[in-house]
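Here's a quick tour of a protein model with its ligands. Have the viewer open as you read.

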Amino acid sequence: MKLLVCISKAPDTTSKIAFTDGNTKFSEAGVQFIINPYDEWYALVRALELKETLGGTVTVINAGKADSEQIIRKALALGADDAVRIDLDPADAYQVAANIAAYAKTEQFDIILTGKETIDYNGGVVGGMLAEMLDLPYVSMSSKLDVDGTTIKIEREMEGVKETVQVKTPCVISAQKGMAEARIPNMRGILASKTKPVKVINPDVTVVKAGVKVFALPAEKTGCKMISPDDAAQLVGMLHNDAKVI
Amino acid sequence: MTNLVFAELSNGKLRKTSHEVVAYSCKLGPTTAVAIGQADAGELEKLGAYGVTKVLHVNDQRLNNVFSKAYTKILVEAAAMVGADTILLSHNSAGKSIAPRVAVRWNASLYPGVNSLPENGSIRKAVFSGKAFADLTLGEGLKVITLNPNSYKPEITGGSATIEALTINVADADFDYTVLSIEDESGGHIPLPEAEIVVSGGRGLKGPENWGIIEDLAGALGAATACSRPVADIGWRPHHEHVGQTGITIKPTLYIAVGISGAIQHLAGVNQSKVIVVINKDPEAPFFKAADYGIVGDAFEVLPKITEAVKKLKSEG
Ligand SMILES: Cc1cc2nc3c(=O)[nH]c(=O)nc-3n(C[C@H](O)[C@H](O)[C@H](O)COP(=O)(O)OP(=O)(O)OC[C@H]3O[C@@H](n4cnc5c(N)ncnc54)[C@H](O)[C@@H]3O)c2cc1C
Ligand SMILES: Nc1ncnc2c1ncn2[C@@H]1O[C@H](COP(=O)(O)O)[C@@H](O)[C@H]1O
């Protein structure tokens, strides 16, 4: 199996979110970057498991500048065979998808995996765009993936419904919780990662279709109104009369 | 704007998110709705209440499940028929699988997961898992917009819609995959991402046998139930109830967290709730910092009192 996993660079969940340049840029000062969790724990690990049982290769691809090197090395340390970095500071989902699609067209991947969404942009759309650009089937929100030759059986979890579907390779799949268990790179993997190939390519597409004009932070909570446990019943009146939510 | 809005059906009924996005679309401009698959009698007419005058119905039984490719074909062709420049969908599972395809095929700009009406040439969405907002620049050309569930309160304007059958030639090649089975895990309850009120339990409840107090309160409020990650991981509650960074993101008007510490990864899934109530026996629990109302106390004593008071309120109507 020839597998492609799209990995995005994301700030660690515990990062403080702040902006610079008149609130047009995310402030990276002191921020620890990680592989977007859905891309790493679910998409990449499942791809590695498939390679281990069925043979083949796992390529990771990232649209990012040189500071993505660290997350790319981590993916290689986890067991990916090689990596492609599209040298681009992505401004919207379309840019990311168009450039990954351009690369994917030059190779014959059986499965292209993405995460269900990035934890910074929260779009959840790159996978669907890729599928359309490559004219492939798209199975989103996948929580279980099994391969039998060219047939793939997938479970999808959506709004309280579990759908089991069957799709043929080649296809695009977005991954969520359940597909695999997170792994930690071992020493051998880390050493091997240093010599694995990372190909840097120039972007094909630089047009921005829906870029960010400005960022904003939500209003601070004005403080929590405390109610004594003995008066717990009063909460209901407050929710009804003041907050008007029940 | 001239809009085409996708009104999603589930088992013949419109989803709550369909009402939201149809109302939102009507607020933005003249709107035609498209519904796909089997609809219960009288169901589509309900959309007239939000200001839609025409609903195009593709009544094709093969399309009772959402297939991103086939649905894309229908939406793009329908948009051309009505001369729309904007296609709107909900940012739920269906919308997230269809909208990106539609945007690419239609050569439009995609605005995923917006929260409110456009203002000053931009449109707002939540980013960084609810910790910030981004205002996206609204371009001139064709647009595809997906609306976050529970972000827009549908306004009833009255009015009636005419339903017109729409035939679009959907071929075998337009199906992404075959559906082998569908399992409803919701137990007949409203799906968690659509729920207005959510009662959620954490490890503080000590064991699955104690969930009765959560379910009683949820029952009294007509709420959905949720849980923290460890609770789903240990198997006290089903995985689809797990909210947070690794689970699902919700945006109810009221989120009641019981025996949950309020770790940042948990908050990432619930911090967009309008009002947050925290019940925790530890006054230092971080969740209180993100809460609007808090009770420091033992859930097993506090919750039944609240449930009683809710029942009393409801019975007084
Ligand atoms: C990468 C990563 C991703 C994660 N993703 C998620 C996620 O998506 N969702 C998520 O929820 N967590 C997630 N977590 C875990 C998260 O960090 C916390 O560990 C978890 O949310 C804690 O769950 P809890 O609050 O139920 O349990 P605890 O932290 O054990 O808190 C239990 C709380 O109950 C209170 N309590 C105890 N007894 C009572 C009582 N009788 N009455 C009232 N209160 C009582 C305690 O004071 C305590 O505050 C993630 C962690 C990591 C590292
Ligand atoms: N810059 C990027 N480089 C590579 N893959 C990406 C990038 N951005 C997003 N993706 C992939 O697309 C998925 C969905 O992203 P999004 O639509 O931005 O939420 C992510 O989980 C990644 O798998």
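Which backbone N or O atom lies 3.1 Å from an oxygen atom of ligand 1? That would be one from Gly259(B). Before going on, keep in mind that this is a predicted model.

## Ligand 1, between the chains

Ligand 1 sits between chains A and B. There are 27 residues around it, and the ones that come nearest are Ser228(B), Ser261(B), Gln265(B), His266(B) and Asn280(B). Apart from Gly259(B), Arg203(B) also puts a backbone N or O atom 2.8 Å from an oxygen atom of ligand 1. Lys206(B) uses its side chain instead: an N or O atom there is 2.8 Å from a nitrogen atom of ligand 1. On its own, ligand 1 has 980 Å² of accessible area, and the protein covers 79% of that.

As for what makes up the shell around ligand 1, three helices of chain B each chip in at least two residues: H5 (229-233), H6 (264-270) and H7 (299-316). By class, the shell comes out as 14 polar, 7 nonpolar and 6 charged residues.

## Ligand 2 and its shell

Now for ligand 2. It has 20 residues around it, with Cys6(A), Asp39(A), Ala63(A), Gly124(A) and Val125(A) coming nearest. Backbone atoms show up here as well: a backbone N or O atom of Gly124(A) is 2.6 Å from an oxygen atom of ligand 2, and a polar backbone atom of Cys6(A) is 2.8 Å from an oxygen atom of the ligand. Ile7(A) has a polar backbone atom 3.3 Å from a nitrogen atom of ligand 2. Taken alone, ligand 2 exposes 480 Å², and the protein buries 96% of that.

Strand E6 (57-64), helix H3 (93-104) and strand E8 (111-115) of chain A are the elements giving two or more residues to this shell. E6(A) provides the largest share, 3 residues. Sorted by class, the shell around ligand 2 holds 10 nonpolar, 8 polar and 2 charged residues.

## Where the chains meet

So how many residues of chain B are in contact with chain A? The count is 86 in chain B, against 76 residues of chain A. About 6,900 Å² is buried between the two chains, with carbon and sulfur atoms giving 58% of it.

On the polar side, 36 residue pairs are in polar contact between chain B and chain A. The interface also has 5 salt bridges; one of them joins the side chains of Lys221(A) and Asp292(B), at 2.7 Å from N to O. The side of chain B that touches chain A has 39 nonpolar, 28 polar and 19 charged residues.

Technical notes
Residues numbered from 1 in each chain as written. Chains lettered and ligands numbered in written order. Predicted model: local features only at pLDDT ≥ 70, side-chain atom pairs only at ≥ 80, totals over all residues. Heavy atoms only, no water. Near = heavy atom within 4 Å. Polar contact = N/O pair within 3.5 Å; in protein donor to acceptor, adjacent residues only side chain to side chain. Areas by Shrake-Rupley, 256 points an atom, 1.4 Å probe, with all protein chains shown as cover. Helix = DSSP H or I, 4+ residues; strand = E, 2+ residues; numbered from the N terminus. Nonpolar A, V, L, I, M, F, W, Y, C, P; charged D, E, K, R; others polar. Contact = heavy atoms within 4.5 Å. Buried area = accessible area lost by both parts, 1.4 Å probe. Salt bridge = Lys/Arg side-chain N within 4 Å of Asp/Glu carboxyl O.
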